[in-house]
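This report describes a ligand site, a set of salt bridges and a surface patch in turn. Please keep the sequence and the structure at hand while reading.

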Amino acid sequence: MASSDRGQFSSRFGFIMAAAGSAVGLGNVWGFPTQTASNGGAAFLLIYLLMMALLAFPMLVAELTIGRYGQSNPIGSLRKIWTNNRLLAVLFGTTAMLTASMILSFYAILAGWLIGFGVSPIMKLIGLQSLSEWLITFGTGRNVLLTVIFMLMTVFVVRRGVADGIEKWSSRLMPVLFALFLVLIIYIFTQHGAMDGLKMYLVPNWEHVNGGLVVNAMGQAFFSLSLGVGAMMVYGSYLSKDVNIPKTAGQVAIIDTGVAFFAGLLILPAMFVAKANGVQIFSETGELISSGNLVFTVLPSLFDSMGLVGEIVGVAFFALMVIAALTSSIAMLEVPVSCLQEEMKIKREKSAIILGLVILVFSVLIAANFDTLFDWVATASTMYMQPLLGVVWAIVIGWVWSRNALLKEIQQGYPEIEKTWFWRIWPIYVKVVCPIAIIMVFAYPFL
Ligand code: TRP
């Protein structure tokens, strides 16, 4: 397919919103605050920031650069660089595509629950009490229905293409997300107990720091920037050649980290407000209760304890979560869609619908066998596949691609790069430090 037939982001702002939309997701508004709360607050925050800057950001530049050079889906882009070993290019490109699909298949279930929690208070207000209850009660019927709804939303955006779908919706939704965040944070700080949460968030408790915490922070940073699965590669391929990749990647990483930081500023104080309202959040031994359920138990009981205002705040909070999830899920679906579209020459609309359906079938399977499948799929795709594929991209950039071709690609949007400290450090860094660091993340569970 000629590159002019491919979509392209229409502006740098649009790209930043889309890429930040991909990065900002449940990992930021749920994963990060939960990890922070259970890992010593500020201590985790500081190490996370370090990992973001030292490991995730360089890899983001790497993935975007591979994609922009290739001007193709991840399989096609890798093939252009790995000219002497096309088989490996196809193998790893396909693995990335399958991993993105796997992540989407469990992510859609979580996002479905969030829709349920957002709609439930509205149903209660209009008198549909039992529907309201059903929406927030774990059950296969509910899980499946809500997953179908979320998947339809994802397909709806992706089938419209890059500028008219992904860029347009990300540019609309991300500002709404920022605004909702601000309103919620201001509100929570007017509540009794919020300051205790702030203290935990910003005053480090160094007792918690150990190797496992460092590894968790690395994994979290990697997940948060959507690295490994080709999502940033495919977004990079829709980026015009005059864009300065390191600078733009820096802005995306800053927005992503900023949103995670603000999510902590919302959730940790909210936990302590809940505590002040009589909701139990710590066990007798001082451990955070059901850290995974924070969002679905602690916060809803907080909203419940605040009457009508609480219902409204609850709807706003879950709307925020659904928006964050949707701008990420469209990036996940775009990976296989771009592959099918370009490798098999199937039109985008058709590709989006077919793949949406296929992934939905897997989601339904997971939802129907939740206890056996959910954790397995989530762990395999995010804890193992994402970092492992990251190692492959680092090797592609550092060892397969010639340094000169790499320089030429980045130079197009950043002519003076050769003289910068970034160029002195980054190539060797991605070549050696990143793969070793990522392998440490990957190997940790086996140690
Ligand atoms: N970054 C997303 C979040 O924080 C999750 C994510 C992981 C992702 N891998 C991805 C999003 C690939 C898009 C594509 O929730």
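## Ligand site, salt bridges and surface patch

In this predicted model, the side chain of N28 places an N or O atom 3.2 Å from an oxygen atom of the ligand. Two further side chains approach nitrogen atoms of the ligand: S226 has an N or O atom 3.1 Å from a ligand nitrogen, and Q386 has a polar side-chain atom at a distance of 3.1 Å from a ligand nitrogen. On its own the ligand has 360 Å² of accessible area, and the protein covers 100% of this. The ligand is surrounded by 17 residues, of which A23, L26, G27, Y107 and F223 are the closest.

The structure contains 6 salt bridges. Three of them are listed below, with the distance between N and O atoms.

| Acidic residue | Basic residue | N to O distance |
|---|---|---|
| E342 | R6 | 2.6 Å |
| E409 | R68 | 2.7 Å |
| E343 | R79 | 2.3 Å |

The salt bridge of E342 and R6 connects distant parts of the chain: E342 belongs to helix α14, R6 to the segment before α1 (12-23), and 336 residues separate them. Both E342 and R6 are buried.

E409 and R68, also joined by a salt bridge, lie 341 residues apart, with E409 in helix α17 (residues 403-411) and R68 in helix α3 (residues 42-70). Here too, E409 and R68 are both buried.

For the salt bridge of E343 and R79, E343 is in helix α14 and R79 in helix α4 (residues 74-81), so the pair ties together parts of the chain that are 264 residues apart in sequence. E343 is partly exposed, its relative accessible area being 28%, and R79 is likewise partly exposed, at 22% relative accessibility. In addition, salt bridges with shared partners join R68, K241 and E409 into one network.

On the surface, a nonpolar patch is formed by L125, I126, L128, L131, W134, L145, I149, L308 and I312, which together have about 840 Å² of accessible area. Helices α6 (129-135), α7 (140-158) and α14 (307-343) each contribute at least two residues to this patch. Helix α14 thus appears in two contexts: the patch and the salt bridge partner E342. L128, another patch member, is located in the loop between α5 (86-125) and α6. L128 counts as partly exposed because its relative accessibility is 39%.

Technical notes
Residues are numbered from 1 along each chain as its sequence is written. This is a predicted model: local features need pLDDT of at least 70, side-chain atom pairs count only at pLDDT 80 or more; totals for chains, interfaces and linings use all residues. Side-chain values use heavy atoms; hydrogens and water are left out. Patches are made of residues with over 30% relative accessible area and no salt bridge: like charges are joined within 9 Å, nonpolar side chains (Val, Leu, Ile, Met, Phe, Trp, Tyr) within 5 Å. Accessible areas come from the Shrake-Rupley method with a 1.4 Å probe; for residues, only the protein chains shown count as cover. A salt bridge is a side-chain nitrogen of Lys or Arg within 4 Å of a carboxyl oxygen of Asp or Glu. Helices (H or I, at least four residues) and strands (E, at least two) are DSSP runs, numbered from the N terminus. Buried means under 20% relative accessible area, exposed over 50%, partly exposed in between (1.4 Å probe, protein chains only). A residue is near a molecule or strand if one of its heavy atoms lies within 4 Å of it. A polar contact is a pair of N or O atoms within 3.5 Å; within protein, one must be able to donate a hydrogen and the other to accept it, and residues adjacent in sequence count only if both atoms are side-chain atoms.
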